[in-house]
Amino acid sequence: MQMPKPDEAVIARRQEIVRAMRDIVPGEGVIDDLDALKTYDCDGLMAYRQPPMIVVLPEDTAQVSAILRYCSENGVKIVPRGAGTGLSGGALPLADAVTVGLTRLSRILDIDFDNRAVVAQPGVTNLAITEAVADAGFYYAPDPSSQIACSIGGNVAENAGGVHCLKYGLTTNNVLGVEMVLMSGEVVRLGGKHLDAGGYDMLGVITGSEGLLGIITEVTVRILRRPATARALLLGFPTVEAGGECVANVIGAGIIPGGMEMMDKPAIHATEAFVGAGYPLDVEALLVVELDGPEVEVDHLIERVEVIAREAGASTIRRNETEEERLAFWSGRKNAFPAIGRITPDYMCMDGTIPRKELANVLARMRELSKKHNLGVANVFHAGDGNLHPLILFDANEPGELERAEKFGADILRLCVEVGGVLTGEHGVGVEKRDLMGVMFTEDDMKQQQRVKCAFDPEHLLNPGKVYPILHRCAELGRLHVHHGQIPFPDIPRF
Amino acid sequence: MADTLRPETAVEVLDAVKWAASEETTLEVVGLGSKRGYGRPVEAAHTLDLSALGGITTYEPSELYLSCRAGTPMAEITAAVVEAGQMLAFEPPQATGGTLAGVIACNLSGPRRIMAGAARDHLLGFNAVSGRGEEFKSGGTVVKNVTGFDLSKLMAGSFGTLAVMTDLTIKTLPRPEKVRTVLARWRPDGVYDRAAMKAMSAALGSAHEVSAAAHVPAGLAQRSAVGRVSGPGGGVTGIRVDGPAPSAEHRAGELVGLMREFCTDVETLHSENSGTFWREVSESAYLERDGHQVWCLSVPPSQGAAVAIDILDNLHGEVLYDWGGGLVWMALEARDDAGAEVIRDVVERVGGHATLTEAAADVRDRVPVFHPQPAALSDVARRIKDGFDPKGILNPGRMATVD
C-alpha cells in the first residue's frame, strides 16, 4: 500500500507543532510520546500500521476549529479518527499528520422526543444513543455490528449500515444535521431538526466522505419508536441457490423484513462451534429473517415468509417461541466475526454489494477463487440488500499468505462490480479498496468526485491518501479543456 | 438567437454541453418544462430540451430499482411501478407531471417523506455531463453503496446547475397492500393548529410507522373533494398508516384511540378517500393561489404552528401543514418583497429554511427564492459549482446564491 510521501519538513517541525497543539488543547490531550502513539497506529484494519506524528484529543468545537486553522495555515495534514473501529483504514495515521481523535467529545446534548431527534457529540457511541432513549421506547435504527464501540461521528463519516438497513436505511437516511469544522477552521451547520437543508445537499455528501471533507463536531439523528414486537425465522436450505431464491421471493412478494441475514456453510459451522446457537449443520445456507411491527402484522408476515421458504425448498424452518430463542437465532450471526477468528490465525473481511439475484452465482465463483488462491472463505451476508461479507481465512505468519489474501479479496470485489454491484456496501473505501476504485469508476468519474474535495479542502490536507488512488492537485482538476469548433451534431433536432 | 437543442441520446447531450462550454454560451436545462416557475428565472442563450431522451432502460422489481433516461415522464414511471405493485416511496407530487430527472433535480418529495426519506434518498446512481463537458457517473443500482463520495445527494436539489443528468437509477419499493387514514376533525369554532401539532407528534412518536401526518386548518379543509374532510366545517388532521391488511387495520384502530385523546371527532378514511386527501395535501391543493405567493418552510415539526402563527401576525394569508408540522405551506397575499424578511427571521429563530416556491418571475428575480446561507457555506457551494460548471453555463441564476 503506497501512501503519500511524508513531508520531511513538517516532521522536522514536530516539536513546534506539539507546542502549538498544547496551546490549543491544555492538559493531557496532546500525545507525542512515541510509545503512547503506537496505540493509535491503526484502526479496525489492522494489517496496515503507521504511528501518527502527533495525536490530539480536543474537548470542544472551538479546539477542533483552532487545530484545523493552525494546520491549515502551517500546511500540516490531519487524519480524523472516531473510535478507531473502521474496517477500511480510513483512520490509518500518516507519518507527517496530526491524528485528531474525537473520543472526548462524548456528550449527548439534547434529547427531543417531540421532534424525534437526538443531538450528540461525535464521540458518543452508536449504542449509547439508543440507550439514552430506550426507557421512553425509542431507538436509533442503524446498528453496525461494532455498535457498542463505534462512534456516531465515525458512523456519519463512513455512512455506516447494519442489519436493519433494508427497512430503516443507512446512516445517511437517519442523519438530520451536523455541525462540522472545515479545514480552514470555519464552523458550519448543515441541517438540524428540520428536513432537507436548502441549497446543495452538502449533508448528503459529507455522510460517507471518510474524513476527507471536514471534521464533524455534532450530529443530529432521528430516532424511532421501537416496534411493538419482533419475531424471527431460522431457515436452512440444502443449496445456496435455494436460499437465494427464498430471499428474492420474499422481496418479490412485497415483504421488507426488519432484517434478512444469510450465512454459508463454513460460517454456520464456525459460529455454531463458538456460540452453540442451535444452527442446523446439514445445510448449505442459513437465513435469519426478522419481522417487526405490531403483533398482527408480524404473525401475518411470518406465515407468508414461511410459505415462501417452504416453496423454495427449506429443509429447516424454525420460529422463535420466546425472546431468548430470537436472540439465540441472532447470536450466531452477530458473533460471526469472532467465531471465524477462532478457526483461523487471521481473516480479512470484505464488503461488496451485489444484485440479490447474483447471490448463488457469486458464491459459486467465490468457491473457484478460493481454490485458485488456496485460501478458505466463509460468507456472512446482509441478504436483504445484497451486501456480502466474505471472510478470507489466512495466516499472516506464513510467508506470502497476506498478499494472497489481498489478491483473493481484490478478485472478489472485481467480481462484485462485474455482476453489477459495487466495491463497498458499508465499510468504506479507506486505504483498503483505494486502488480498486478504477474497477468501478473512470478517471473522469474520480476527478469529478475530487473536485468536490477541492471545494472543501483545496490543499488536500484532510486525510490524504484515502479513497482516491491518485491525488490530483486542485489547480489541475480545475483546468478546463475546451474543444472549440462548430456545433458537432448537425443531426440534433432543433427548433 | 435563443434556440432549442433536443438531443435524443446521451452522446448528443455530451456534444451539446461540450459545444456550449467551448462557446461559453448558456443553456437552460429542461425536461417537460413543468418546473420552470420553481427557482429564480433562468436567462440562457439556448434551451437544452431533454424530453426526447426518454424511456425506461431497466426495471427489476425484485431488485427494487428502476433505471431510465433523464427525460422519461413521471407518468410513464408511475404506470410502470404501479403495474409491478410497487411505488416510489418518497411520493413525488403527481400534479406537476414533468420528468423523473426534474423531480430529482428539484428534490420534490410528498407526505411520505417523513417515513421513507426524500427524493434525494431514492436516487441510487446516475450518469451525467458536467458543465465542463465531461461525462461522469456516480452510485450504482444497489442501495448499500459507500464507494466514493455520494454525488447522487448533490445532484438531487441542484436544479440542473451542476450537471445534466442523462440516466438515473432510483429505488422502488413494494406498494403497501392497504392504506388507512385516521382523521381528527376539529370543531369549526377556533384555531387548533397547536393542538394538531401535539396530536401529530404523538402519532409520529408511536410505534405505528405513520407514513404521513398533515393538518389542514378550517377554511382550507372545506376546499377538499372528500366530503368527510370538508363537511363538518372545521380543520382536520390526517394520520396515514399502511401495510398488510391486518396490520393497517390494527394500526388505524390504535391511532383512532390515540387521536381521541386530542379531539373528540375521529374517524377513518379508506382507500379512495384516503388517496384523494393525500393527493390534495401533496399538491398543497387547498391553498388559495390567486393573488398569492406560495412559500414552503421546513422547520422542526413541533414548531410548525408557532412559526405559521408568528408569520400570520405580520402577513396576510393561510397555512397548511405536512410532515407532522415540519413542512409549512403558506399562501400569502402577493407583495413586492414577498414578505421574505419577516418569514426568514421567524424561521431562523427555530432553525430551518424557507423557499419561495410560487411567485411572479420579477419577484423571484428580486427576492432570494432559496434560503440565503451563511458565508462559509455559500463559499463552499460556489466552489462546488465551480468544480462542476466553472463557466456557469448550466441554468445560470436558477439558485442565485451559487450561480
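Reader: How far apart do the C-alpha centres of domain 2 of chain B and domain 3 of chain B lie?
Author: The model is predicted. In chain B, domain 2 covers 178–282 and domain 3 covers 292–366. The C-alpha centres of these two domains are separated by 23 Å.

Reader: Which element gives the most to the side of domain 2 of chain B that touches domain 3 of chain B?
Author: The contact involves 14 residues of domain 2 of chain B and 13 residues of domain 3 of chain B. On the domain 2 side, helix H7 (193–204) and strand E12 (212–216) of chain B each supply at least two residues. With six residues, the element that gives the most is H7(B).

Reader: How many residues of each class does that side of domain 2 of chain B have?
Author: The classes are nonpolar, polar and charged. For the side of domain 2 of chain B that touches domain 3 of chain B, the counts are nine nonpolar, three polar and two charged.

Reader: Which helix gives the most to the largest nonpolar core?
Author: The largest nonpolar core has 277 residues, and A:Val98, A:Cys246, A:Ile392 and B:Met155 have the most contacts inside it. Seven residues of this core come from the helix that gives the most, H1 (residues 10–23) of chain B.

Reader: Which buried residue of H4(A) does A:Val98 touch?
Author: The buried residues of H4(A) are A:Gln63, A:Val64, A:Ser65, A:Ile67, A:Leu68, A:Cys71 and A:Ser72. Leaving out residues up to four places away in sequence, A:Val98 touches A:Ile17, A:Met21, A:Met53, A:Ile54, A:Val56, A:Cys71, A:Val76 and A:Ile78. The name found in both lists is A:Cys71.

Key:
Residues numbered from 1 in each chain as written. Chains lettered and ligands numbered in written order. Predicted model: local features only at pLDDT ≥ 70, side-chain atom pairs only at ≥ 80, totals over all residues. Buried ≥ 20, exposed ≤ 12 C-beta atoms within 10 Å, placed from the backbone. Helix = DSSP H or I, 4+ residues; strand = E, 2+ residues; numbered from the N terminus. Domains from an automatic or database assignment. Contact = placed C-beta atoms within 7 Å. Nonpolar A, V, L, I, M, F, W, Y, C, P; charged D, E, K, R; others polar. Core = buried A, V, L, I, M, F, W, Y, C linked by C-beta atoms within 7 Å.
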